[in-house]
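Student: I have a protein model open and would like to talk it through with you. Could we go feature by feature?

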Amino acid sequence: MLPDNNVQPQGQTTPVMQAPLTEPAPPLYQQPASELSPEQSQHQLQAIDALIQAGNHDTAQKLADDLDPAALSVQQRGQLNLIYAQIALNVGEAEQALGRLELIQAQQLSPENRIKYFQSQAFAFSLTGRLLDSVRSRIELSKLLNPPDERDDNHAVILETLSLMPEPALQAQSHEAKDELAGWLSLASVLKLKEQDPAAFDAGLAKWREIFPGHPANSYLLKNRAENADRQSLSIAVLLPESGPFAQAAKAIRAGFMAAYARQDSNGSKPTVRFYDTEQSTPADLYNQAVTDGAEFIVGPLNKEHIQSLADSVAFDVPVLALNHIPGLLKHNLYQFGLSPMDDVEQISHKAWLDGHQKALLLIPENDQGKRIANFFTENWQGVGGSILELQSYNPKSTDFSPAIKKLLNIDESEGRYHKISQLVPSLTYTPRQRQDADTLLLSAYTGEARLINPQLQYYQAGNLPIYALPAVYSGQPDPALDQDLNKITFCDTPWLLGSSQDGLSMSALQDIWRQFTSPYLRLIAMGIDAYGLIDQLDKLDIAPYSGATGILSLMPDGRIKRELACAKFMDGRPELIDTINISPTHENQPTQALLPMDEHAE
């Protein structure tokens, strides 16, 4: 195990204070929206904007729908489109938000709304993978930001966004770009050398300053350097169990956390990290002890009961990143990060829908977890406009899944008809015929089950029916010989398991760590990596996603960290990357169980 303490990191910041998540709704105007005076319409728009800032997007949507665009001024129509764009971004509809933003002429907005316009545009471009467009929007945003701290934060996000671009793309674009954008692109290329070749980095940075002497990044770099030199050591407390049912899960998270800690640039200071055993005292006592010991940031607890107990007992004067999620739990300075099956279900459903499927069959295990997954699937599939034609459950302890498969494909009915006819025509030959009305199959199964289910589906001539499965279908380690039986199955999973580089924290780089764990715990190592990375990202996460080991991470209004996964399809026994699903939750208020390894829950 890596050492537990040291000193503070470069660039480490403490998350900013979150605004209250709830606020009393403004009074609704009783007269029809078309009869509102310009002044009343403006008050209505301001009330809607206040609701958005408070996180009450549903009420904001209703009030916005009450307004008649034809009765608004040009500037007010722009403000209304900006409101709709912000609401769309809240539910992850980035393309819809961009459509609204295209209707706006930024120069017609008030200075305050012009800032929101470029913030929304930058975030929407980032969510849709248009990183360079996002940077262009942020360059325009910087010109409007007066407080130096806000400009510095925006500059940090520009560099973070460009860091996601591969070096060849940066080089190609820097030759074509002009003025300020060229400087940002060139600096991003130089910064990639910092860990690979420190000497080349120093030379490259000096040359960059000669070429771009008046570039805005110069003041940002100088200030960042001074802050790193003067900053006192940050102290991090980690609350995890060292015994009990979740000890192994905690061990995997700790391994990923400390791997990220060890990999951090050692120039300057690193944080102090102290671990506290949640099996030895109450969460509140551990929190208070950690604060007394000087903790400025707390990671954990892991158990959902411990998180709820902590939320009921303390005021969260120090930010807390809980390693699970409790729906409806809203507290200032509390962030919740877990491997939620709701994320898994939502994104594979969205992937299947994007691929053009609408009529689905659902095959799930016959247990409590299967029932929850079935509810999630039904809600999400219907939410994107699809329909579940039939649901069947299978016995996960069996090796013969044909009874459930035959019922799902209506082959049992076909066999019944054959037996009746064969009594009249004994010489009749029979070929099983599957149903023709479905265009996809949604599957919840672990690797071993899926290796048996998929061939049985092929046997019953369901080979042309596209199968979309939850992450558990993949063991986390390539096994081409056995996984031939998973061929053509599509799934969305943790990018770290699918080859994400993570700046030296890839699976191949951490083999000595993850080989200590069985497959069910591998995703938790990635979670630990991100738990450490998020400490420095939370203050920016509401304006720019963070590309982590568990997915592209963004902050929801309720403090939950949302993951966007990478998608792959089994070909020749190996998962081959397809794309990343860029969406945010559309059903945030649903009950969610955050999965620990496979079917273990932190209750």
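Here is our conversation about the predicted model.

Student: How many helices and strands does the secondary structure come to, and what percentage of the residues count as buried?

Tutor: Happy to start there. The secondary structure comes to 23 helices and 15 strands. The protein has 603 residues, and the share of them that count as buried is 54%.

Student: How much of the contact count comes from residues 24 or more positions apart?

Tutor: The base here is the set of contacts with a separation of 6 or more. Of those contacts, residues 24 or more positions apart account for 68%.

Student: Which residues touch the most other members of the largest nonpolar core?

Tutor: In general, nonpolar side chains of soluble globular proteins tend to be buried together. Here the largest nonpolar core has 80 residues. Apart from that core lies another of 24 residues, including I139 and F201. Within the largest core, the residues that touch the most other members are F257 and W496.

Student: Which aromatic cluster does F257 belong to?

Tutor: Leaving out residues up to four places away in sequence, F257 touches a list that includes F275 and Y532. Both of these also appear in the cluster. The full aromatic cluster is F257, Y261, F275 and Y532.

Student: Which charged residue sits over the ring of F275, and at what distance from its centre?

Tutor: There are charges over rings to look at in this model, and one of them is R100, which lies over the face of Y84 at 4.2 Å from the ring centre. For F275, the charged end belongs to R254, and its distance from the ring centre is 3.8 Å.

Student: Is the aromatic pair of Y287 and F316 stacked or edge-to-face?

Tutor: A search of the whole structure finds eleven aromatic pairs. The rings of Y287 and F316 are 6.1 Å apart, centre to centre, with 85 degrees between the planes. Planes over 60 degrees apart meet the cut-off, so this geometry has a clear label. The pair of Y287 and F316 is edge-to-face.

Student: How many residues apart in sequence are the parts that this pair ties together?

Tutor: Y287 lies in helix α14, while F316 is in the loop between α15 and β4. Y287 is buried, with a relative accessible area of 4%, and F316 is buried too, at 2%. The parts tied together by the pair are 29 residues apart in sequence.

Student: What is the value of phi for F316?

Tutor: F316 is a residue other than glycine, and its phi is positive. D572, in the loop between β14 and β15, is also a residue other than glycine with a positive phi, near 55 degrees. D572 is exposed, with a relative accessible area of 58%. For F316, phi is near 55 degrees.

Student: Where is there a cis peptide bond, and what is omega?

Tutor: Look at the loop between β3 and α15, where P301 is found. The cis bond joins G300 and P301, and omega is about 5 degrees.

Student: At what angle do helices α4 and α5 pack?

Tutor: The contact involves A94, L98 and L101 of α4, and residues of α5 including Y117 and F125. The crossing is left-handed. The axes are 9 Å apart, and the packing angle is about 140 degrees.

Note on methods: Residues numbered from 1 in each chain as written. Predicted model: local features only at pLDDT ≥ 70, side-chain atom pairs only at ≥ 80, totals over all residues. Heavy atoms only, no water. Phe/Tyr/Trp six-rings, centres within 6.5 Å; stacked < 30°, edge-to-face > 60°. Helix = DSSP H or I, 4+ residues; strand = E, 2+ residues; numbered from the N terminus. Buried < 20%, exposed > 50% of the residue type's maximum accessible area, 1.4 Å probe, protein only. Lys NZ or Arg CZ within 6 Å of the ring centre and 35° of its normal. Core = buried A, V, L, I, M, F, W, Y, C linked by side-chain atoms within 4.5 Å. Contact = heavy atoms within 4.5 Å. Axes fitted to C-alpha atoms, helices over the stretch in contact; angles between N-to-C directions. Left-handed = near helix turned anticlockwise from the far one by under 90°.
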